[in-house]
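Colleague: Got a minute to go through this model with me? I'd like to start with the contact between the chains.

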Amino acid sequence: MTNRHLTGVVAAGLFLLVCGSRVVAHHSFAVYDHTQTFTVTGTITRFQWTNPHGFLELDYRAADGSMKHYTIELTSINMLTRAGWTSRSVKPGDEIKAMVAPLLNGEPGGLLMELSFTDGRKLESPVPAPGTFKRTPEQELK
Amino acid sequence: MTRMSIGVVATALACATALTAIVGAQTRTRSNPPNITGSWERIGPGALSAAQATGPRLPAATPPPLKAQFLKEWQARQQAAREATAKGQPFGINWVNCLPDGMPGMMSGPFPMEVLQTPGQVTIIQESFTQVRRILLDRPQKGITDIDPTFYGNSVGKWEGDTLVVDTIGIKEQVQYQNVPHSDQMRIKERIHLVQGDVLWDEITVEDPVTLEKPWTITFAYRRMPDYTLLEYICEDNREYIDDQGRQRIRLQSPSQK
């Protein structure tokens, strides 16, 4: 078993431990890496306010200078609403910084942990069992 | 109409009125439905200890007492699901297909729920997937073969004192709670009652002579959400899907962007 797999198993065990005593809601977020986060800075192209989950689409400039696209999954908009979000919280054109747990399969997508705006506004993402995601905010998506 | 027949009719009417009053009084003394109308959210044992200082403790969850041949398959499937999740390739579940929990899963309260008491009926709405079940009061239950199977089944109930006793049959076999298999003979019995003014319990007992060795009891606790109005939930644009390996994936571009 590689370290990465071991970490995954430990994370899954922790997830079961934490969630086992709480009410677990909804779709599995196991497709996302629970061991690290990336910070991606870019421009919102779309804020999808739908169930079962909301989405943010954004363009960002990669290290090689090219523009790339990234998809950020949110939770159910009902959970977002209960956490204080509205359908107008994010608009196309907003310059944002997002902390995401990346997809494990390497595709350009992640699960939102936290969203920051240029005016200092911050929105927390109401993911279930947030403590099971290790945050590494110093890692920038290139 | 003769004087005599008028007398008979008058007597009959008086008797009927008296009988109605007696039956009504008996019904009132027999049951005393508490007010459980409103919004509720499921709470686990930890939050329950905080919300409910006194009274019974929530019994620990127990695995389903499946008969040997079903238990082996269920344990293997649960193990495979755990391994797939640990590898970041979770099996798709009903939610990924925009399908609701059905019974008894909807009572596990993934999101807040609303209880509505109206004459002859208690309605329970689970916010996620806008799941609705109707419990018809003081009606006979139908026969299993008289019902077309559904997600929520056919529920009848009655108030026994302060407890709403519910009987549900007719759940589709693919509608499973925690992947536990059941037959068309499954019967779900519930005892819904307030433990405190703001804490509601649903003691659910699942019976199935085909798959279960003995009845399986699951108890859920909920706390009142006095200022909460249920939100709309439509599974409108599902970007999660199940690939040909049965694994959950995400479409990175939404259809409107194609």
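Modeller: Sure, here is a run through the interface and then chain A.

Modeller: This is a predicted model, where local features need pLDDT of at least 70, side-chain atom pairs count only at pLDDT 80 or more, and totals for chains, interfaces and linings use all residues. Residues are numbered from 1 along each chain as its sequence is written, chains are lettered from A and ligands numbered from 1 in the order written, and side-chain values use heavy atoms, leaving out hydrogens and water.

Colleague: How many residues does the contact take from each chain?

Modeller: Chain A gives 37 residues and chain B gives 40 residues, with contact meaning heavy atoms within 4.5 Å.

Colleague: And how many salt bridges between chain A and chain B?

Modeller: Three salt bridges, each a side-chain nitrogen of Lys or Arg within 4 Å of a carboxyl oxygen of Asp or Glu. One of them pairs Arg239(B) with Glu57(A), with the closest N and O atoms 2.7 Å apart.

Colleague: Which residue types are on the side of chain A that touches chain B?

Modeller: That side has 15 nonpolar, 17 polar and five charged residues. Here Ala, Val, Leu, Ile, Met, Phe, Trp, Tyr, Cys and Pro are nonpolar, Asp, Glu, Lys and Arg are charged, and the others, Gly among them, are polar.

Colleague: Switching to the fold, in what order do the elements of chain A run?

Modeller: From the N terminus, α-β-β-β-α-β-β-β, so two helices and six strands, taken as DSSP runs (helices H or I, at least four residues; strands E, at least two) numbered from the N terminus.

Colleague: How much of chain A is buried?

Modeller: 52% of its 142 residues, with buried meaning under 20% relative accessible area (1.4 Å probe, protein chains only).

Conventions
Buried < 20%, exposed > 50% of the residue type's maximum accessible area, 1.4 Å probe, protein only.
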